Amino acid sequence: MVEENPVLMREIQRAFHKLTHGGLLVTSIGENGRPNVMTIGWWLFGWFYHGRPMSVIAIRPATHTFKLLAEVPEYVVSVPTDDIAEVVAICGRESGRDMDKFAECHLTAIPSKEVRPPSIRESTLNIECRIYHPQAPPHMILTPEHRRKPVPEQHTIYFSEVLAAWSP
Ligand SMILES: Cc1cc2nc3c(=O)[nH]c(=O)nc-3n(C[C@H](O)[C@H](O)[C@H](O)COP(=O)(O)O)c2cc1C
């Protein structure tokens, strides 16, 4: 259970600021144990029924992350420190299909507490999530503009429970 507390709320606020200032990082892992990291600019977070926190991300099928989430339905939302802005840009441009972004970007993968994908040392908060419902398109969740794209290009929306949130 992730309790609401002042430190966590401050870090969550910082996370929402980052969404519109470079983005957040999401780690995932394949069945083969190889991790990946990508940048996201869309994220929902909150405490819902039964006081349990939820995380919602939207991932395009063209990404390597999409493939990995189908293999292992867990991920970590990681809030990058200010000094790795260039790394966040690279992780939003390059694909883990073609390169090991952890190695190339000198990002430090550290074990997560509850999920298989790694957390990131160069972050202020790691939010460990397990997907309970991947909502594939077509769906009415995103904007009308989004729905005008061909269905195979539309984001899948991953509703997830938050199992841990901690600062490294
Ligand atoms: C600021 C920013 C925000 C992004 N947000 C998302 C997002 O929310 N969902 C998504 O599918 N791709 C998003 N992208 C694009 C992916 O990060 C990009 O396609 C990345 O190369 C995918 O990596 P992967 O193939 O290793 O999974 C974003 C890119 C940037 C730069």
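Two strands count as paired here if DSSP finds at least two bridges between them. Helices (H or I, at least four residues) and strands (E, at least two) are DSSP runs, numbered from the N terminus. The model is predicted, so local features need pLDDT of at least 70, side-chain atom pairs count only at pLDDT 80 or more, and totals for chains, interfaces and linings use all residues. Residue numbers start from 1 along each chain as its sequence is written.

**View A. The hairpin of β3 and β4**. Strand β3 (residues 43-47) and strand β4 (residues 53-59) run antiparallel, joined by 5 bridges. Look for Trp-43, which stands opposite Ile-57 in β4. Between the strands lie 5 residues, and His-50 in this hairpin takes a positive phi near 60°.

**View B. The shell around the ligand**. Among its 20 residues (C-beta atom, placed from the backbone, within 6 Å of the ligand), Gly-41, Thr-65, Gly-92, Ser-95 and Gly-96 come nearest. At least two shell residues come from each of β2 (35-40), β4 and α2 (64-71), and β2 gives the most, with 4.

**View C. The buried side of α2**. Thr-65, Leu-68 and Leu-69 are the buried residues of this helix (20 or more other C-beta atoms within 10 Å of their own, all placed from the backbone). They sit on the same side of α2 because they cover an arc of only 100° around the axis, taken from the directions from the helix axis to the C-beta atoms. Their packing partners (C-beta atoms within 7 Å) are in β1 (24-29), β2, β4, β5 (74-80), β8 (123-135) and β9 (156-166).

Terms used: A residue is buried if 20 or more other C-beta atoms lie within 10 Å of its own, exposed if 12 or fewer, and partly exposed in between; C-beta atoms are placed from the backbone. Two residues are in contact if their C-beta atoms, placed from the backbone, lie within 7 Å.
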